[in-house]
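Trainee: I have just opened this model and would like a close look at one part of it. Could you take me through that part slowly?

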Amino acid sequence: MSAILLAAQWFQGARRAAWLSVAMLVCGGHGLAQAAEIRLAWDPPTNNTDGTVLTDLAGFKLVWGTNSGAYTSITNVGNTATSTVASLTAGTTYFFAVRAYNVGLAESSNSVELAWLAPLPLDTTPPVIQTPAPVTLTAGLDDKASVPNYLTTLIVSDDRSARTNLLLSQLPIAGYQATVGATTVVIAATDEAGNRAQVNAALTILKANRAPVVDAGPDVSFRLDKSGTLFGMVTDDGLPTGASVVATWSKLSGPGSVTLGNTNAPSTTVWASVAGTYVLQLQATDQLLAGTDSVMLTVLPRALPGKPDKVRVVTITPSASSSTSTTTTTTGTLAP
Ligand SMILES: [Ca+2]
Ligand SMILES: [Ca+2]
């Protein structure tokens, strides 16, 4: 509320003009949303323009408009020095003046003009935030992922405050390393009047796919005429979801060919075509990533029968042509 002193030039009939002070009391209100009203008051004149005492004051007329000096509205308020103008548009500047008239309906000139900006109602409406679409990220091998910055693309508005004047925030903040699982990101906006709104954005962080873990088992040794057993092992994290893990044996090096009972079974029987040292690789893939390990085969020569003891004479039968009988002992070795 404020009191403003105005000066008005006062005319009445042929009497001399006189200056008088007019007090205009201003009170802005806003009983309705986006509407305002003003209560005006002024000091009645006491003299005519010629300096004589004003004795036949009959009333006042209040004029106003939205352009200075161009009054489009007028109200005869009668012989009272106050008036209220309602239903003014909030946020609009109005210009008011008042003039007096006497019983002869002679009017003074307008008082000094009063400019008044109809105040807007208090802002009690918080900003409106559009909830961001759910976001799904894949974690790194540390099972963490960086929280995105939601604020740069946030769709938010307010009835009064410009977007650039809104105070925006998000928690966890952008760049925070969130762990695998579901995370709720709270996004808030506060307007210039302090009204706050918030929404929850859904952030899902998926565990990273890891390659199958492959163990080709202990080195194997067997003879050529026998078989060996590979004790490989494959494990996987089950990702990608639904993908089957396929294991495959292959020969990396070795002098001959290798035959496996099942080339896709981590544990299986193995034969070799020739003796020697072989390196076999077991690889397993989950369709996206693969793991490998190798095992050494030592294929020993075929086992041979042990050689007989030395030859010895058991009996000697004289030949028909021989006339004498002789006893001898002979030794030898069998070829391996
Ligand atoms: Ca607001
Ligand atoms: Ca995997």
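Trainee: How many bridges join β20 to strand β24, and which way do the two run?

Mentor: Happy to help! Please keep in mind that this is a predicted model. Strand β24 covers residues 267-272, and 4 bridges join β20 to it, with the two running antiparallel. For a pair to find on your screen, take Thr-229, whose bridge partner in β24 is Thr-269.

Now step back to the sheet around them. It is an open sheet of 3 strands in the order β20-β24-β23, with antiparallel pairing. The edges are taken by β20 (228-231) and β23 (258-260); each has a single partner strand, so one side of each is left without a neighbour in the sheet. On average, neighbouring strands here are turned by 35 degrees against each other, direction ignored.

It helps to set another sheet beside this one. In that open sheet, 4 strands follow the order β19-β26-β25-β22, and the pairing is mixed. Its edge strands, β19 (220-223) and β22 (246-253), each pair on one side only, and the twist from one strand to the next averages 30 degrees. Within it, β25 (residues 276-285) and β26 (residues 290-300) run antiparallel and are joined by 10 bridges; Gly-276 stands opposite Val-299 in β26.

Finally, a word on confidence. The chain has a mean pLDDT of 86, and 85% of its residues reach 70 or more. Over residues 1-32, however, pLDDT stays under 50, and it is also below 50 over residues 327-336. Where pLDDT is low, the predicted coordinates should not be read in detail.

How values were computed. Residues are numbered from 1 along each chain as its sequence is written. Chains are lettered from A and ligands numbered from 1 in the order in which they are written. This is a predicted model: local features need pLDDT of at least 70, side-chain atom pairs count only at pLDDT 80 or more; totals for chains, interfaces and linings use all residues. Two strands pair if DSSP finds at least two bridges between them. Axes are lines fitted to C-alpha atoms, for helices over the stretch in contact, and angles run from 0 to 180 degrees between N-to-C directions. pLDDT is the predictor's confidence in each residue, from 0 to 100. Two residues are in contact if their C-beta atoms, placed from the backbone, lie within 7 Å.
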